[in-house]
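Dear colleague,

I am handing over the structure below, and my notes on it follow. Please read them with the model open beside you.

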Amino acid sequence: MGMSVTISAATAQDAEHILKLQYLCYQSEAELYGDYSIEPLTQTLDGLKAELDSGHGLVARLGDEVVASVRGSVDATGTARIAKLIVHPRLRHHGLGGRLLDAIESHFAGEPAAQRFQLFTGHRSEGNLRLYRSRGYAPVSTEQLGPRLSLVTLEKAAAAGAYVASA
């Protein structure tokens, strides 16, 4: 019988493992857009630690190995901004990304300030877009960042658990 994946709060001791996994996971995004200077590939360890200190992070472990992670924080408007959902390439397409997304949403749903969830991904990242739509997220805006990259922001209500897009 194989080991099961456990999800828990990220700690400062996880930061280096998360950063290495982030670097590995974002290689495919960088290749997709022809841009290896994207922020997840240039983020420093201190920058990642600051994100963990100012928000909430989760890790998924297979035994002792960090194999997936997600981070987020709630801003003054009540928006829980979810970021850097990553899953080790060898474990993709097994529902782990969805489990992490559900877990971070559950964490922020317990915070009185969280009124909505928001995240973003590149316009060509079909797998990400499919996952987010399957979890009730709907596009609310698109921002052109360069000739090859547009960021799609998706959102859903926190209390209702589903976002209803207007026509």
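**What was found**

At 0% relative accessibility, Ile104 counts as buried (buried means under 20% relative accessible area, exposed over 50%, and partly exposed in between, with a 1.4 Å probe and protein chains only). Please bear in mind that this is a predicted model, in which local features need pLDDT of at least 70 and side-chain atom pairs count only at pLDDT 80 or more, while totals for chains, interfaces and linings use all residues. Residues are numbered from 1 along each chain as its sequence is written, and side-chain values use heavy atoms, with hydrogens and water left out.

Ile104 belongs to helix α5 (helices, H or I of at least four residues, and strands, E of at least two, are DSSP runs numbered from the N terminus). Leaving aside neighbours within four places in sequence, Ile104 is in contact (heavy atoms within 4.5 Å) with His56, Leu58, Val70, Arg71, Gly72 and Ile82. Of these partners, Gly72 is 32 residues away in sequence, yet the two C-alpha atoms are 7.6 Å apart in space.

The helix itself has 14 residues, which at 1.5 Å a residue should span 20 Å, and the end C-alpha atoms of α5 are indeed 20 Å apart (the expected span is 1.5 Å times one less than the number of residues). Its buried residues are Leu96, Gly97, Gly98, Leu100, Leu101, Ile104, Glu105 and Phe108.

The largest nonpolar core (a set of buried Ala, Val, Leu, Ile, Met, Phe, Trp, Tyr and Cys residues joined through side-chain atoms within 4.5 Å) has 25 residues, of which Ile82, Leu101 and Tyr137 touch the most other members. Two or more residues of this core come from each of β2 (56-62), β3 (65-74), β4, α5, β5, α6 and β7 (150-157), and α5 gives the largest share, 5 residues. Apart from this core lies another, of 15 residues, among them Ala15, Ile18, Cys25 and Tyr26. As for Leu101, its contacts, not counting residues up to four places away in sequence, are Ile82, Leu85, Leu119, Tyr132, Arg135 and Tyr137.

Next comes the largest pocket, which holds about 1,000 Å³ of space. On a 1 Å grid over the protein atoms alone, a pocket is an open set of points where a 1.4 Å probe fits, with protein on both sides within 12 Å along at least five of seven lines, and lining residues have an atom within 4 Å of a point. Of the 37 residues that line this pocket, Glu29, Leu85, Thr121, Asn128 and Tyr132 are the closest to its centre. The lining divides into 19 nonpolar, 11 polar and 7 charged residues, and the elements that each supply at least two of its residues include α2 (27-33), β4 (79-87) and α6 (126-134).

Two backbone angles deserve a look, since most residues other than glycine have a negative phi. Lys84, in strand β4, has a positive phi near 50° and is buried, with a relative accessible area of 13%. His93, in the loop between β4 and α5, has a positive phi of about 70°, but this residue counts as exposed at 80% relative accessibility.

Finally, Arg81, also found in strand β4, counts as partly exposed at 38% relative accessibility. Leaving aside neighbours within four places in sequence, Arg81 is in contact with Arg71, Gly72, Ser73, Asp75 and Gln118.

With best regards

How values were computed
Grid points are joined across faces, edges and corners, and a volume is the space filled by probe spheres set on the points. Ala, Val, Leu, Ile, Met, Phe, Trp, Tyr, Cys and Pro count as nonpolar, Asp, Glu, Lys and Arg as charged, and the others, Gly among them, as polar.
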